[in-house]
Amino acid sequence: MSNDKKGGSLQPTDKKLQSFFGERPFPAMEMTSGRLRYLTRRDVLLFGIGAVVTLAGGGFLLPQQTLSRIGGRRNMDSPAKEWFLNRALRIDDDVAEALYSVNRTVPTYTKSQITPLKNNYNGATPDPGYISRWTLTLDGLASGLSISLDIRNLLTSFSVHEQITRLVCVEGWSAIAWWAGLRFDDLLRAYPPMSQAKWARVESSVNLDASGNPDPYFMSLDLATACHPQTLLATHFNGQPLTVDHGAPLRLLVPVKLGLKNVKAITRITYVAEEPRDYWAERGYSRYDGI
Amino acid sequence: MSHSTSACNGQNATSTLLKQPGVLVVRKHHFLVRWSHWLNVPILLGLILSGISIYWASPIYQHKADPNTGNFDVAADIGIWICAHVPGQHHYSSPPDWIYNHMSLGPGMLALALRLHWLCAYSFMLNGMVYVAGLVMGGGWRSLLPRRTDLVDALRMFRYYLGFPFAKLARRKWLHPLFNTKYNALQRAAYFSVPVAGLLSVATGWAIHKPTQFHWLAALFGGYNAARAWHFWLVWVYILFVVPHVILVFADGWDTLRSMITGWSMRVKRSEAIANEQ
């Protein structure tokens, strides 16, 4: 459009010389000022509508607590909001499930890399009195029986595996710790679940809430993850039998999941076909928690 | 950045003398670029606000718990300082929560913040792909590539911006450095760095979200804890970008703002300069 003075003959050679990365001129075009005004008005109006819709969407999605703090009086909580946000969680869970592979192991560390691990019981730490009476009950087995095992049964009939892995909390902190115990996979082989089972409900009946009242902890674990070679039913921590802080006498150690799936002081494992309830999923966290 | 369009009208006057008065316009931004540009506003705001709420649950920067308050969070310290020293904040009910009440969705809502963070994070990645598609389809990516002369030119622009307010006050002439590209060197540096920061935020986000499946990614950033710190500090790139970005757009005028809403700009001169140069 602007090269008419120089003559068209130069243009083709210029095009060839132009580097692939070189900036190209914008094709300028002519427009009546009325048309430009119309297009501007139309697009600015659309932009305004978009901005209002976005603000409304923000009001719809933000937590009620946040809305109240900035002066919102109406209760904006609704089943639709829950559904929508849980949908986002499920998409993320599906991504996590797609990433999981039974053959992909998590990194292991050396003893010099071990970091302190705090007692992160959500409520009060149980009184150690339960340990002497402790048994592990297995339900939903192929045999149809309910099996009860004590810690001596478990330690004598299964081989013990050690690993130094990272435990990652949903809050963001993590700890590298040295664990030992039996493989969940070995337990599954010794006491096979019923054929339809896809899930394990892992439960601790000794869990307490913050004021020390019984608050059973239950968690869903897909059997695909239970079979992972690094999924342990841990009995030892840093070379010593588990203390009450870390879930004596038996806790789940599943390093491909967030820490909240690593149930302490397991008392019952139930194999089921449908996804069981999950303590933290009922409190707004995700269900699958693969990391 | 304040060239008028009168030159273009003059050139056209002969050919359109009898018709309606016309203006020369250029399409500055592909519509996908414009869409993704504006969508970034709510998405990034959502990511940052929910991100700081997530940070609250386990702050990266901690110190030994204060014997009086039990506080160990450096961010909470800043809130306590603000409540003690900023006028009007003396009676704030919970000073350690000040930062989280003003800079995030709020304290004590990890589950809610995580859900919103994933929603915004997936939107951010989709939006990033839309942006790249728009850059490729409209050819706009070429204008963002750094050039060899950029360092000197960026310094010249920086000097211009620094001196501009003083020149205005002194009513002195203060000439805008000349350039014949879509963006000046400083803009190019900014518009090139922000998508790179976006990419790094996504990468560090995955590294800390899936630290076992993507442990190689976390290792790339120096391990899980280092990747968390990266993810946190990258936020400052957006903040440091957005503040001057918004100020300069308004300083530059309506044509620049309109070009990001409608795509059209009446500043044809610059692109003609490129055409003549080549």
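Okay, so let's start with the strands between the two chains. Strand β1 of chain A, residues 29–32, is joined to β1(B) by four bridges, and the two run antiparallel. If you want one pair to click on, take A:T32, whose bridge partner in β1(B) is B:G22. Keep in mind that this is a predicted model.

Now zoom out to the whole interface. On the chain B side, 50 residues are in contact with 54 residues of chain A. Which elements of chain B supply that side? At least two residues each come from β1 (22–27), α2 (31–57), α5 (110–138), α9 (224–252), α10 (254–261) and α11 (269–277). The largest share belongs to α5(B), with eight residues. And for those of you thinking about chemistry, the chain B side splits into 25 nonpolar, 16 polar and nine charged residues.

Next, one residue I'd like you to look at in chain A: A:D92. You'll find A:D92 in helix α4 of chain A, residues 79–99. So is A:D92 buried or exposed? The cut-off for buried is 20 or more other C-beta atoms within 10 Å. A:D92 has 23 C-beta neighbours inside 10 Å, so it counts as buried. What does A:D92 touch, leaving out residues up to four places away in sequence? That would be A:S286 and B:W118, so to speak one partner from each chain. For a distance within chain A, take A:D92 and A:I114: they sit 22 residues apart along the chain, and their C-alpha atoms are separated by 30 Å.

While we're on chain A, a word on domains. The assignment gives domain 1 as 33–77 and domain 2 as 104–283. Taken over C-alpha atoms, the centres of these two domains of chain A are 47 Å apart.

Last stop, a helix pair inside chain B. Here I mean α6, residues 150–169, and α7, residues 185–209, whose axes come within 7 Å and cross at roughly 110 degrees. Anything from 65 to 115 degrees counts as roughly perpendicular, so α6(B) is roughly perpendicular to α7(B). Who makes the contact? From α6(B) you've got B:D150, B:D153, B:A154, B:M157 and B:F158, and from α7(B) there's B:A185, B:L186, B:R188 and B:A189. Sort the residues of that contact by class and you get six nonpolar, three charged and no polar ones.

That's my tour, happy to go back to any of it.

Conventions: Residues are numbered from 1 along each chain as its sequence is written. Chains are lettered from A and ligands numbered from 1 in the order in which they are written. This is a predicted model: local features need pLDDT of at least 70, side-chain atom pairs count only at pLDDT 80 or more; totals for chains, interfaces and linings use all residues. Two residues are in contact if their C-beta atoms, placed from the backbone, lie within 7 Å. Ala, Val, Leu, Ile, Met, Phe, Trp, Tyr, Cys and Pro count as nonpolar, Asp, Glu, Lys and Arg as charged, and the others, Gly among them, as polar. Two strands pair if DSSP finds at least two bridges between them. Domain bounds come from an automatic or database domain assignment. Axes are lines fitted to C-alpha atoms, for helices over the stretch in contact, and angles run from 0 to 180 degrees between N-to-C directions. Angles under 35 degrees count as roughly parallel, over 145 as roughly antiparallel, 65 to 115 as roughly perpendicular and the rest as oblique. A residue is buried if 20 or more other C-beta atoms lie within 10 Å of its own, exposed if 12 or fewer, and partly exposed in between; C-beta atoms are placed from the backbone.
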